[in-house]
Amino acid sequence: MQNLTVTLIQCELTWEQPEDNRRQIGTIIDDIKGHTDLIVLPEMFTTGFSMNALANAEQPGGATEQWMLEIAQRRDCAITGSIAVREGKGVYNRMLFATPAGVEHYDKRHLFRMAGEDKRYLPGAGRVIVQWRDWRINLQVCYDLRFPVFSRNCEDYDLALYVANWPTQRQSHWRQLLIARAIENLACVVGVNRIGTDARGLSYSGGSLAVAADGEILLDAHSDNSAFQVVLDGAALQLYRDRFPCQLDADSFQLQ
């Protein structure tokens, strides 16, 4: 496997103002020096974690999807993050994964009932693994992080991405669960969280991380407002799996 250069964008979000958020994130992206293979944005990066689902939802192929596709084509990279998308009679918290060739997506499976997300959005049908530059990438959104069965590596992915609006009061959970997902799944993990305060008064302190398969912290963004780059070593990942193949003793199961 080749190395993968990943850019994590940890930033504040303007409440329910998609154009403003695309503009400020676009400025951060324009300042990225050199090559990147993958840009990762927070959950609901155009609006913040709003329960005004219908008011904020875009149509499939809408303005944000086109904006992401243009960035992917211009910079020859992939870019991912989630937004509200209306399809059919409902709205999904949809994680878009844009490459120069097009856009794939994953709909958040586990909806955060404590904020009423399960009343405003529809759950996704299952997990989605995309392929990009020799890496198999498992797309996950925020609350999904708490459910290890859903992210279980069945030797079908190399990197798990978690995009989030994870509040300060549970910051220790965020950090420990990201590390645990890497260790138990023999996979690299990247988690990107926002910072700042939203319109409901919730505080977010970032803590975006990149974690190697053995649990080593490769990058810690702390609470800074910036773009951060990390190089994931494909050869080192494969070597670690070869030397410590605990997946061979894992219990079999099936998701319902």
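1. Does Arg241 count as buried or exposed? In this predicted model, Arg241 has a relative accessibility of 11% and therefore counts as buried, the limit being under 20%. The residue belongs to helix α6, which spans residues 234-243, and, leaving aside residues up to four places away in sequence, Arg241 touches Arg136, Asn153, Tyr157, Asp158, Leu186 and Ala187.

2. On the nonpolar interior, the largest core comprises 45 residues, and those with the most contacts inside it are Leu38, Phe97, Ile137, Leu159, Leu161 and Leu232. Strand β8, residues 159-163, supplies the largest share of this core, namely five residues. Apart from this core lies another one, of 20 residues, which includes Cys11, Leu41, Met68 and Leu96.

3. Leu232, one of the residues with the most contacts inside the largest core, deserves a separate entry. Not counting residues up to four places away in sequence, Leu232 touches Gln2, Asn3, Leu4, Val6, Trp135, Leu159, Cys188, Val190 and Leu218; among these, Leu159 is also listed with the most contacts inside that core.

4. Turning to the sheet, six strands form an open arrangement in the order β5-β4-β3-β2-β1-β14, with mixed pairing. The edges are taken by β5 (102-107) and β14 (226-232), each of which has a single partner strand, so that one side of each is left without a neighbour in the sheet. On average, and with direction ignored, neighbouring strands of this sheet are turned by 30° against each other.

5. At the β5 edge, strand β4 (residues 90-99) pairs with β5 in the antiparallel sense, over six bridges. Within this pairing, Met95 has Tyr106 of β5 as its bridge partner. Helix α1, residues 18-30, packs on the sheet and touches β1 (4-10), β2 (38-40), β3 (78-87) and β14, while the direction of helix α1 makes about 140° with that of β1.

6. As to the cysteines, a search of the whole structure finds zero disulfides. Cys11 is in no disulfide, and the nearest cysteine sulfur, which belongs to Cys142, is 15 Å away; with a relative accessible area of 0%, Cys11 is buried. Cys246 is likewise in no disulfide, the nearest cysteine sulfur being that of Cys154, 13 Å away, but Cys246 is partly exposed, with a relative accessible area of 34%.

Key. Residues numbered from 1 in each chain as written. Predicted model: local features only at pLDDT ≥ 70, side-chain atom pairs only at ≥ 80, totals over all residues. Heavy atoms only, no water. Helix = DSSP H or I, 4+ residues; strand = E, 2+ residues; numbered from the N terminus. Buried < 20%, exposed > 50% of the residue type's maximum accessible area, 1.4 Å probe, protein only. Contact = heavy atoms within 4.5 Å. Core = buried A, V, L, I, M, F, W, Y, C linked by side-chain atoms within 4.5 Å. Pairing = 2+ DSSP bridges. Axes fitted to C-alpha atoms, helices over the stretch in contact; angles between N-to-C directions. Disulfide = S-S within 2.5 Å.
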